[in-house]
Amino acid sequence: MKGKFRWTVVGLLFFATTINYIDRQIISLLKPMLEKDFNWSESDYGTIVVWFQVAYALGYLLAGRFVDTVGAKVGYGLSVLLWSLVAMGHALARSTMGFSVARGLLGFTEAGNFPAAMKAIAEWFPASERSTATGIMLAGTTVGPIMAPAVVPWLAVTYGWQTAFVVTGAIGLVWLVLWYLFYEKPERQTRLQPAERAYINEGRQEVLPGDAPEEKVPYRVLFAQKATWSFLMAKLLTDPIWWFYLFWLPSYLTNHGLSMTEIALPIMLVYSITAALSVVGGLLGAYFLRIGWNVTKGRNATLLICMLFALPIMLIRYSDNIWLSVVIIALAASAQTVWMGTLLTKVTDQFPRQAVSSVIGIGGMAGALGGIVFAKVVGSLLDMYKSNHNLEGGYNLLFVVCGLAYIISFLIIQLLSPNRKKPQAMSIPV
């Protein structure tokens with residue numbers, strides 16, 4: 001028996017990611033209430049989203065390097081502590097600018113989640129299990145949005161929107177205690193059985209050649225790699241799609257006549273399907289390796305499947321049933337989650353361990369920058385269509401853009417990704 005403690009680590013990563021997405025999604029769930037209280041237009045709301053993403057872009061780049069420097073335990077713990085306090089601090093906002101500042105601080109502090117999570121996965125899992133571990137971790141990006149609609153609207157209606165921010169923000173402090181009780185690197189974890197430690201070490205590609213395995217890789221070296229640019233461009237083009245679903249799906253549903261409490265069920269359905277399929281997607285990547293496919297072929301096949309599942313979103317204009325539209329959006333959101341997980345796993349395949357967080361930080365920054373531009377476009381476009389009493393047409397156009405982004409991104413990945421026949425990281429000179 002090789003032991004299963006590494007899956008406890010994944011459980012902690014899943015829990016943190018769930019909290020991360022509860023805290024970032026709450027603004028979209030409270031939008032119908034807050035836009036009345038503060039007289040927001042779609043462009044005002046888009047600006048608030050942009051503040052989050054500007055800070056997220058900067059935070060992602062800095063967090064990647066910071067986590068590679070201090071390690072996953074300290075980096076993750078500090079990130080969760082800070083974003084939990086900021087999430088609770090939203091209750092103090094008294095103006096549109098106040099919310100913009102609060103969202104900016106939340107974006108900056110939440111940026112540490114994925115660099116730290118993927119560093120922990122690179123430390124704890126052999127390449128053959130990383131896609132599965134990443135899929136489980138990323139399920140938190142959907143479980144958070146499942147839980148939030150069930151709790152946040154009720155808290156806001158019953159006790160006020162300030163209480164909703166305080167209660168959800170405080171959950172991160174509970175996780176922080178568990179993290180410091182249970183997480184250590186495999187070589188320091190006393191709860192780890194010798195057989196499992198040996199299994200992890202045998203299947204994990206060690207970092208750079210030479211005697212300095214923890215030496216940081218310079219950015220100039222990382223930017224010289226085609227794999228870095230492949231990841232950067234894919235994130236730039238497709239991360240904004242996830243932001244669009246996360247921040248505008250509640251508004252899309254209310255545009256179809258649903259109230260703030262009635263949107264809970266369709267949102268929970270979308271993210272329930274997404275959560276289930278994100279884990280299946282992680283297992284799919286592991287399956288391709290088990291049947292003998294090389295890493296590049298297996299990861300790219302998964303990306304192709306994701307693209308095919310996402311494309312029906314372009315045809316949503318032909319749906320005259322809200323529940324059919326919800327299912328189409330659920331499939332597209334599922335495809336995005338597995339797509340994102342596969343991209344992250346490719347980084348752990350292609351780069352040495354001490355460069356993983358830095359590369360993910362670079363890609364995360366690019367994705368956030370893309371989200372900034374897209375948020376402004378979405379806000380302005382929807383305001384224009386709303387003034388013409390055709391808000392539905394604006395959403396339909398945006399869904400077409402979402403589908404096209406996957407096609408372009410997939411082609412770029414095929415051009416720039418290096419071919420890795422074995423599940424191991426590239427050797428990068430420093």
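Me: What makes the largest pocket a pocket, and what is its volume?
Reply: In this predicted model, the largest pocket has a volume of about 260 Å³. A pocket is an open set of points with protein on both sides within 12 Å along at least five of seven lines, so that is why the word fits here.

Me: Which residues are closest to the centre of the largest pocket?
Reply: K31, P32, E35, T254 and N255, out of the 15 residues that line the largest pocket.

Me: Which helix gives the most to that lining?
Reply: That's α2, with five residues. At least two residues each come from α2 (31-38), α12 (226-254) and α17 (391-416).

Me: How do you know which class the residues in the lining of the largest pocket belong to?
Reply: Asp, Glu, Lys and Arg count as charged, so K31 and E35 go there, while P32 is nonpolar because Pro is on that list. Overall, the lining of the largest pocket divides into six nonpolar, four polar and five charged residues.

Me: And what is the volume of the second largest pocket?
Reply: About 200 Å³. Among the residues lining the second largest pocket are G59, L62, F66, S79 and T109. Two or more residues each come from α3 (42-70), α4 (72-89) and α5 (96-110), and α3 gives the most, with five.

Me: Why does the lining of the second largest pocket count as having no charged residues?
Reply: Charged means Asp, Glu, Lys or Arg, and the lining of the second largest pocket has none, so the split is seven nonpolar and five polar. G59, G75 and G112 line this pocket too, and they go with the polar ones because Gly counts as polar.

Notes:
Residues are numbered from 1 along each chain as its sequence is written. This is a predicted model: local features need pLDDT of at least 70, side-chain atom pairs count only at pLDDT 80 or more; totals for chains, interfaces and linings use all residues. Side-chain values use heavy atoms; hydrogens and water are left out. On a 1 Å grid over the protein atoms alone, a cavity is a set of points where a 1.4 Å probe fits but cannot get out, and a pocket is an open set with protein on both sides within 12 Å along at least five of seven lines; lining residues have an atom within 4 Å of a point. Grid points are joined across faces, edges and corners, and a volume is the space filled by probe spheres set on the points. Helices (H or I, at least four residues) and strands (E, at least two) are DSSP runs, numbered from the N terminus.
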